[in-house]
Each structure stands twice: as C-alpha cells, then as structure tokens.
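Open the model in your viewer and keep the selection tool ready. The stops below follow one another, each with something to select and something to look at.

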Amino acid sequence: QKVSHRADAAEAAARDRLAKIQADQQRRVDGLVKEQERWREGAQLVEAHAEDIDRALGVINSALETGMDWEALEQLVSVEQANENPIALLIHALQLDKDEVVMALPDIDNWDDSDPDSVPPIHHVPVSIKESAYGN
C-alpha cells in the first residue's frame, strides 16, 4: 500500500509539473503571438507612411554623412519639431547607437474620426537608418 501511495504521489507530482510546463509554454506562445502582431502593425504603419519615413531617414543620413555629431542632430530635430516640421514631428527618438530612429506614426486606419477633437492613435515604431522604409 505504501508503494501504491508513493506511486500515486509521484504521478500527481509529474502531472503538476506537466501542467506548469504546459501553462508556461502557452504563456510564451501567447507572448510571441502578441509580439508578432505588434511587428505586423508596425510594418503596416511603415508601409502607410513610407514616403515620409524615407524623407526623415534621408535627412538623418545626410546629416550624419556630413559629419554632424549625434547631439547636434538631436538639437536639429528638436528645433524642427518646435517649428512644426511635419517630417520632424514623426521622429519620436533617435537611437543612433543602434542605428535606429523611433518613429511616431499615426494609425489613421484604426481611428474614429467622427469626433472632431479626437486624434489618431500614435504607435512608436523603430526603423533602421541603414535601410529604406520598405527595407524595414
């Protein structure tokens, strides 16, 4: 009877471990699905704003090619944003150490524009400065 009880306890422990592993795996899969959806949405936004993104990348790359340092480039972007330059306003952050720019892209497709005071949701999408909008 002790052997049977130990076997039952071992089986129950194994079932518990299996359930925990399955739950962990499901949590990981769910996380990957969410991440995949974020990347898909980001790609759609990049495609929708490709022309403006290419303009922003062109300005950034031109400034870097002329030897402008990162701080001066950040100041230039800030000045242009203060002047309400529409291309500069799309730049959320420069992450030049990663060769990236985080773009603040409005999601016009998922926007209820029936309210005149509403604004489209903004998504922050990292974009490589080494590629074109479509290359991203």
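Helices (H or I, at least four residues) and strands (E, at least two) are DSSP runs, numbered from the N terminus. Residues are numbered from 1 along each chain as its sequence is written. This is a predicted model, in which local features need pLDDT of at least 70 and side-chain atom pairs count only at pLDDT 80 or more, while totals for chains, interfaces and linings use all residues; side-chain values use heavy atoms, with hydrogens and water left out.

**Stop 1: α1 and α2**

Select Asp24 and Arg27. Both belong to helix α1 (residues 2-48), where they sit three residues apart, about one turn of the helix. An α-helix has 3.6 residues a turn, so residues three or four places apart point the same way. The two form a salt bridge, with their closest N and O atoms 2.3 Å apart. A salt bridge is a side-chain nitrogen of Lys or Arg within 4 Å of a carboxyl oxygen of Asp or Glu. Add Arg28 to the selection: Asp24, Arg27 and Arg28 are linked in a network of salt bridges.

Next, select Glu51 and Arg55 in helix α2 (residues 50-65), four residues apart. Their salt bridge has its closest N and O atoms 2.7 Å apart. The structure holds seven salt bridges.

**Stop 2: α3 and the loop after it**

Select residues 70-82, the 13 residues of helix α3. From first C-alpha to last, α3 reaches 18 Å, close to the 18 Å expected at 1.5 Å a residue (the expected span is 1.5 Å times one less than the number of residues). At its N-terminal end, Asp69 caps α3, with a side-chain oxygen 3.3 Å from the backbone nitrogen of Glu71.

Now select Glu84, in the loop between α3 and α4 (86-89). Its phi is near 60°, a positive value in a residue other than glycine. Glu84 counts as exposed because its relative accessibility is 62%; buried means under 20% relative accessible area, exposed over 50%, and partly exposed in between (1.4 Å probe, protein chains only).

**Stop 3: the strands**

Select β1 (residues 91-95) and β2, which pair in the antiparallel sense over four bridges. Two strands pair if DSSP finds at least two bridges between them. Gln95 has Glu100 in β2 as its bridge partner. On the other pairing of β2, seven bridges join it to β3, again antiparallel, and Pro106 stands opposite Ile122 in β3.

How much of β2 is buried? Six of its seven residues are, so β2 is largely enclosed by the rest of the structure. Select Val102 in β2: at 10% relative accessibility, this residue counts as buried. Its C-alpha lies 6.0 Å from that of His124, 22 residues away along the chain.

**Stop 4: Asp99 and Asp107**

Select Asp99, which has a positive phi of about 55° although it is not a glycine. Asp99 forms a salt bridge with Lys130, the closest N and O atoms being 3.6 Å apart. Asp99 lies in the loop between β1 and β2 and Lys130 in the segment after β3, so the pair ties together parts that are 31 residues apart in sequence.

Finish at Asp107, in the loop between β2 (100-106) and β3 (122-128). Which side chain of opposite charge is nearest to Asp107? Arg40, at 13 Å, and Asp107 is buried yet has no salt bridge. (Lys and Arg count as positive and Asp and Glu as negative; His and the chain ends are not counted.)

Note on methods:
Polar contact = N/O pair within 3.5 Å; in protein donor to acceptor, adjacent residues only side chain to side chain.
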